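Q: I would like a close look at one buried position and the packing around it. Please set out the confidence of the model before going into detail.

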Amino acid sequence: MLKHQLLNEVFAIDGNYRPAENKAAESKLLEYIEKNGDDPQINDALRILEIYAVEGSLNDFEESRKIATPILNRLTRAYKWNFYDIRILARVIDYVEPYERTHALAKEALRQLEEYSKEERYTIIKLSIHVNIMVRLLRARYFDLEDMDDPEALENLDSVFSMHFDAVIDICENGNFPIHRAIAIIRKGIFTKDHELMEEGFKVLKKLKEYDLHRMLEDEAKEYERYSGFDISKRRFNVMVGRNVREQRKACGLSIDDVAKMLDMTIAAVGLMERGDRGQTSYNLARLADIFGVSVDVLYNDTGDGPSNISADRRKNAKAHKLDVIIENFTEAEMKFLVATAEGIHKLKNS
């Protein structure tokens, strides 16, 4: 019972990052593990708190997705979920990609949730799954190039979004759960670019004095509105360059982490660049071309052929850049130790 009380405390925080509450909940979870040993659900709850902290203080979606991955891996491997597994899934389901998989996972979660229809929080969990999936579908609408350009894909996305929106409105039809209804209406407004619909939802949140939630959804709306007015031709160019960077990086045997260190960027920033969600300066592109051992024109190539017959010299060149970064991060003491070790090995070989 204690375990479920601890999980309920984490769920009660509900994504609003309040350092004191997060820290208190984290301490209790760690104390539980110390007394009882590792527990998958408690470990997942710790990761959920970490996601709240990352998104609340840094607004770093990519880092949050990385944290959510072990949770999703555990849950997708399981044949059956209990009530608390489904509650955990509801918290991280919007990090699943592609969005078609998110939708399929949600359908299975909702099916299994029916077995717990007598649980006190049943309806709230059901609403949370629908509402959180709408976030993932919004990201698909605004950040996945294929969905922005392909009318059929857009129509399919709209159909899936409408299904989850209608489910929320249906559950809330008698005036119950006004907050979830308001969130769904605002997200529908963002999805369809309907400002009147958004304002309708915001008015409800103001009336309910849900100021933190109001602020969070305003930021969410601004984020997507920025991209809705984004120059599609420029975005297409960024996606093309990002694709080429990814192909050349993989061909050279480099990881995203390697490139991030070479450019002095975060892993998340390199990920955004490779997906086309962020453009790059001419300096960084020239630096990348140097690392990959190609001309800058290769990164601007729109043939989609990708790298072919990459030479050993190019791989060697890329590894040399990687080694340079590693050496730069060594302290003087570490360098002396490495030199001494190398000299010792050389002497042993020649003795």
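What is the mean pLDDT of the protein chain, and what percentage of its residues reach 70 or more? After that, take Leu137 in helix α7: where is this residue placed, and which residues does Leu137 touch?

A: The model is predicted. The protein chain has a mean pLDDT of 82, with 79% of its residues at 70 or more. Confidence varies along the chain: helix α5 (residues 83-92) has the highest mean, 94, and helix α8 (residues 145-149) the lowest, 48.

The setting is helical. The protein chain contains 19 helices and 0 strands. Of its 351 residues, 43% count as buried. Among contacts between residues at least 6 apart in sequence, 65% join residues at least 24 apart. The exposed area is about 19300 Å², and carbon and sulfur atoms supply 51% of that area.

Leu137 is found in helix α7. Leu137 counts as buried because its relative accessibility is 1%, and the cut-off for buried is under 20%. Not counting residues up to four places away in sequence, Leu137 touches Tyr99, Leu157, Val160, Phe161, His164 and Phe191. The C-alpha atom of Leu137 is separated by 8.8 Å from that of Thr102, although the two residues are 35 apart along the chain.

Several of these partners can be placed in helix α9. This helix covers residues 151-171, and its buried residues include Leu157, Val160, Phe161 and His164. Also buried in α9 are Ala153, Ser162, Phe165, Ala167 and Val168. Helix α9 has 21 residues and reaches 30 Å from its first C-alpha to its last, close to the 30 Å expected at 1.5 Å a residue. An α-helix has 3.6 residues a turn, so residues three or four places apart point the same way.

Helix α7 also matters for the wider packing. The largest nonpolar core has 74 residues, and those touching the most other members are Leu29, Leu72, Leu89, Val92, Ile129 and Ile190. Helix α7 (residues 122-143) gives the most to this core, with 13 residues. A second, separate core has 20 residues, among them Val259, Met262, Leu288 and Val294. In soluble globular proteins, nonpolar side chains tend to be buried together.

For Ile129, the contacts beyond four places in sequence are with Ile86, Ala90, Ala106, Ala109, Leu110 and Leu113. Of these, Ile86 and Ala90 fall in the range of helix α5, residues 83-92.

Methods
Residues numbered from 1 in each chain as written. Predicted model: local features only at pLDDT ≥ 70, side-chain atom pairs only at ≥ 80, totals over all residues. Heavy atoms only, no water. pLDDT = per-residue confidence, 0-100. Helix = DSSP H or I, 4+ residues; strand = E, 2+ residues; numbered from the N terminus. Core = buried A, V, L, I, M, F, W, Y, C linked by side-chain atoms within 4.5 Å. Buried < 20%, exposed > 50% of the residue type's maximum accessible area, 1.4 Å probe, protein only. Contact = heavy atoms within 4.5 Å. Expected span 1.5 Å × (residues − 1). Areas by Shrake-Rupley, 256 points an atom, 1.4 Å probe, with all protein chains shown as cover.
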